[in-house]
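This report looks at a helix, a nonpolar core and a nonpolar surface patch. The sequence and model come first, and the notes follow.

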Amino acid sequence: MKTALGRVLGLGSAKSGTDEFVKDRIRSVFLLALTPYMVGVGVWLAGRPYADVVTGLSSPFVSLPLGLFIIMGILHMRLGMQTIIEDYIHGAGWKFALTILNTAFCVGLGVATLFAVLRLALGLAPTV
């Protein structure tokens, strides 16, 4: 049901709320499953020599879940910040600028961290 003003202005459902809600919950479940594993890896590698850490992180049993954890975490972060920007920033210019900055930050963070994981996985990490 729409009000007369809503019909005139064309305001209404964007037809994507449920889809985004479901995707967000799926990402949350993946993160919920991966977080204890990543914490366990961190505890396992804590205090070990650099060479052991590089060897441990280069294992496909660690690098693949780590890459998935990074991707899911950054997507989850971006959409969370996007929701905050949409809900609490009311100026159109600020909203647009912060949305661009949010996306650019998340893309940059994702590229940098996945590049580091890829270097570790391929054995290209610097030696000390």
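## A buried glutamine in α4

Gln82 lies in helix α4. The model is a predicted one. Gln82 has a relative accessible area of 12%, and because buried means under 20%, Gln82 counts as buried. Leaving aside residues up to four places away in sequence, Gln82 touches Thr99 and Asn102.

Ile84 is found in α4 as well. With a relative accessible area of 44%, Ile84 is partly exposed, a class that runs between the buried limit of 20% and the exposed limit of 50%.

## The nonpolar surface patch

Ile84 also belongs to a nonpolar surface patch of about 580 Å². The other residues that make this patch are Met77, Met81, Tyr88, Phe105 and Leu109. Two elements, α4 (60-88) and α5 (92-121), give two or more residues each to the patch. The most comes from α4, which gives 4 residues.

## The nonpolar core

The largest nonpolar core has 13 residues. Val41, Leu57, Leu66, Ile70 and Leu120 are those with the most contacts inside this core. At least two of the core residues come from each of α2 (17-45), α3 (50-58), α4 and α5. Here too α4 gives the most, with 4 residues.

Leu57 can be followed further through its contacts. Not counting residues up to four places away in sequence, Leu57 touches Val41, Leu45, Val62, Ser63, Leu66 and Leu120. Among these partners, Val41, Leu66 and Leu120 are also listed with the most contacts inside the core.

Terms used
Residues numbered from 1 in each chain as written. Predicted model: local features only at pLDDT ≥ 70, side-chain atom pairs only at ≥ 80, totals over all residues. Heavy atoms only, no water. Patch = residues over 30% accessible without salt bridge, like charges linked within 9 Å, V, L, I, M, F, W, Y side chains within 5 Å. Areas by Shrake-Rupley, 256 points an atom, 1.4 Å probe, with all protein chains shown as cover. Salt bridge = Lys/Arg side-chain N within 4 Å of Asp/Glu carboxyl O. Buried < 20%, exposed > 50% of the residue type's maximum accessible area, 1.4 Å probe, protein only. Contact = heavy atoms within 4.5 Å. Core = buried A, V, L, I, M, F, W, Y, C linked by side-chain atoms within 4.5 Å.
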